Amino acid sequence: MSNKLTISVASGDGIGSEIMEAVISIFNAAEVPLNYEIIGMGKKYYDEGYGNGMTPEAMESIERNGVLFKGPMETPKGKGVKSINVTARKVWSTYANRRHFKTIHGVDTLYSNAGIPVDITVIRENIEDTYGGIEHMLSNDVALSRRIITRQGCEQVIKFAFEMARKEGFKKITCGHKANIMKLTDGLFLEVFNEVAQSYPEIQTEDVIVDALCMKLVQRPQDFEVVVLTNFQGDIVSDLCAGLVGGLGFAPSTNVGDNISIFEAVHGTAPDIAGKNLANPTSLLLSGVMMLRHIGLFKEAALIEDALMYTLESGVHTGDFGDKSIPSVGTKEFAAAVIGALGKQPEGGSSRKALADRVDFRPPTRPLQQKVMKGKECKVEIEGIDVFFVSEDIAADIAPRIESKLPENVRLVSLTNRGTIVWPEGSVYTECSTGYGARIVGKGLGKQEYWSVMEELDEVIEISSTEFLHVIDGKSAYSKGQGEI
Ligand code: NAI
């Protein structure tokens, strides 16, 4: 048995096998000391009846090796099937998505032509947010998505960003958020950012509202080093940054967790060019380089990255980018050019060399059971309930019906529609959907009493869901209606 590390490799669908073959040929030429365990994942396995798009052997291999290197995979269209890519990230708790956006010599952009350097690392939370995919139709007209943000989830990704900055010498981290509007969810993310930052005094920090952040990134990308965001906002900001450096094909992506990490190309399966030797392997190769660094193979990572940069600088390109006056090459020829450039130094500057403190990667030790990420003790009380319901009536007609069913110690505070107060105050210009919320509060009531209230209300309104109004450690822990003081 060799003492080389073993990684799990899934080529994927469409162009996947072509670009994976190209990347592994470059790894082999660079004498990367790895064993590759080829596993079954992708469309073919959905078709064979594996509901999550992978065989049990594939899952076992990934959980044993701790590293999955994957090509793009097709998610069958239609209801009920979740994306294999999103499933893999969530099932194995790869809580941080790290993407690097750097100007590449040989890849012309508005910024490179203007002499503005771009070198931004985006760290995006990878599991929570609306990506929980918890959605319900409350009626034929009203769709609801739950946005889940947890303190522990925020801590994991924000600590990852600060640790990375400390290890790799980044000086500044920007937190992107929308805490001015989403005061509890984004507010929690920002609060944790400020808490974690206390332990890293050497790193400069700032927070910027995400819309302003997008504008600033376009206007002065050179001002940003590391940006950390929640999942959905991070998704959008990542692609914005990809646009600054020439598109998705030049922006590698990694999904990092404590035990298992996933390295993949960010583009899709490109079915239009599959099997034609036209695909550009750069994105997968750059992700592979990030993977080599993750497992401590810094020397090999730098060798390959320099060769790729040298190749791009020389004008060698596949059909999807580059100088159209120079004939494009195929996937295999592009890989051969990178192999021919191994050992050469790009003019645009060499990549990072081996760091003194090598990453001590170890395949995971299988836990005996799932882990619950517990928080600190706190006192939770209930001071009311939000009842969501469907009605085609106006608020002024609904309110008395609700009030007629409430016991003496319970009162209807407000009715909201799409988050805006429509009763007791409100504007006649507010256009209402058929989805309402009733905020009901009581003094000293327990859950059972609220269930009884609900039973009564069920006779006069079409209830679709409810949420308790919590008071945590003495502080109200729910949002106010738009217009509520
Ligand atoms: P896509 O990225 O596959 O294609 C968009 C356009 O970019 C096409 O014109 C394609 O030819 C081109 N392109 C993409 N990668 C290229 C490469 N390496 N070299 C040269 N040209 C390239 O996006 P699309 O068409 O939206 O999705 C196709 C399939 O891929 C879908 O089934 C989707 O579910 C899947 N997909 C998988 C992802 C993953 O595995 N991480 C990510 C995105 C999509």
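In this predicted model, strands β11 and β12 form a hairpin, with 4 residues between them. The two strands run antiparallel and are joined by 3 bridges. Strand β12 covers residues 261-264. One of its residues, E264, is the bridge partner of S253. Strand β11 spans residues 253-256, and its side chains alternate in direction. S253 and N255 point one way, T254 and V256 point the other way, and all are buried.

Strand β11 also pairs with β4, which comprises residues 96-102. These strands run antiparallel and share 4 bridges. Here A96 stands opposite V256 of β11.

The hairpin belongs to an open sheet of 10 strands with mixed pairing. The strand order is β2-β1-β3-β12-β11-β4-β5-β10-β8-β9. Strands β2 (34-38) and β9 (204-209) stand at the edges. Each has a single partner strand, so one side of each is left without a neighbour in the sheet. From one strand to the next, the twist averages 25°.

A parallel pair in this sheet is formed by β1 and β3. Strand β1 holds residues 5-10, strand β3 holds residues 67-70, and 3 bridges link them. Residue S8 has L68 in β3 as its bridge partner. Pairing in either sense has a common basis. Strands of a sheet pair through backbone hydrogen bonds, either parallel or antiparallel.

Another open sheet has 6 strands, in the order β15-β14-β16-β13-β17-β18. Its pairing is antiparallel. The edges are taken by β15 (420-423) and β18 (475-476). Each of these strands has a single partner, so one side of each lacks a neighbour in the sheet.

Strand β13 (residues 380-390) has partners on both sides in this order. With β17, strand β13 runs antiparallel and is joined by 10 bridges. Within that pair, V380 has I472 of β17 as its bridge partner. With β16, strand β13 again pairs in the antiparallel sense, over 7 bridges. There, F389 has Y436 of β16 as its bridge partner.

Strand β17 (residues 462-472) continues the sheet to β18. These two strands are antiparallel and pair over 2 bridges. V471 and S476, the latter in β18, are bridge partners.

Beyond β16 (435-442) the chain enters a loop that leads to helix α14 (447-457). G446 lies in this loop. Its relative accessible area is 26%. G446 therefore counts as partly exposed, since that class lies between the 20% and 50% limits. Between G446 and E381 there are 8.7 Å in space, C-alpha to C-alpha. In sequence, the two residues are 65 residues apart.

E305 is found in helix α11, which spans residues 298-313. The relative accessible area of E305 is 15%. E305 is therefore classed as buried, because the limit for that class is under 20%. The side chain of E305 also makes a polar contact with the side chain of R293, at 2.9 Å.

The model also contains a ligand, surrounded by 20 residues. The closest are M73, G268, A270, D272 and N280. By class, this shell has 9 nonpolar, 6 polar and 5 charged residues. Several polar approaches to the ligand can be described. A polar side-chain atom of H267 lies 3.2 Å from a ligand nitrogen atom. A polar backbone atom of T269 is 3.0 Å from an oxygen atom of the ligand. In the side chain of D272, an N or O atom is 2.9 Å from a ligand oxygen atom. On its own, the ligand has 810 Å² of accessible area, and the protein covers 63% of this.

Overall, the protein chain has 485 residues, and buried residues make up 46% of them. Its secondary structure comes to 14 helices and 18 strands. Taken along the principal axes, the C-alpha atoms fill a box of roughly 85 × 50 × 45 Å.

Definitions and conventions
Residues numbered from 1 in each chain as written. Predicted model: local features only at pLDDT ≥ 70, side-chain atom pairs only at ≥ 80, totals over all residues. Heavy atoms only, no water. Near = heavy atom within 4 Å. Polar contact = N/O pair within 3.5 Å; in protein donor to acceptor, adjacent residues only side chain to side chain. Areas by Shrake-Rupley, 256 points an atom, 1.4 Å probe, with all protein chains shown as cover. Nonpolar A, V, L, I, M, F, W, Y, C, P; charged D, E, K, R; others polar. Buried < 20%, exposed > 50% of the residue type's maximum accessible area, 1.4 Å probe, protein only. Pairing = 2+ DSSP bridges. Axes fitted to C-alpha atoms, helices over the stretch in contact; angles between N-to-C directions.
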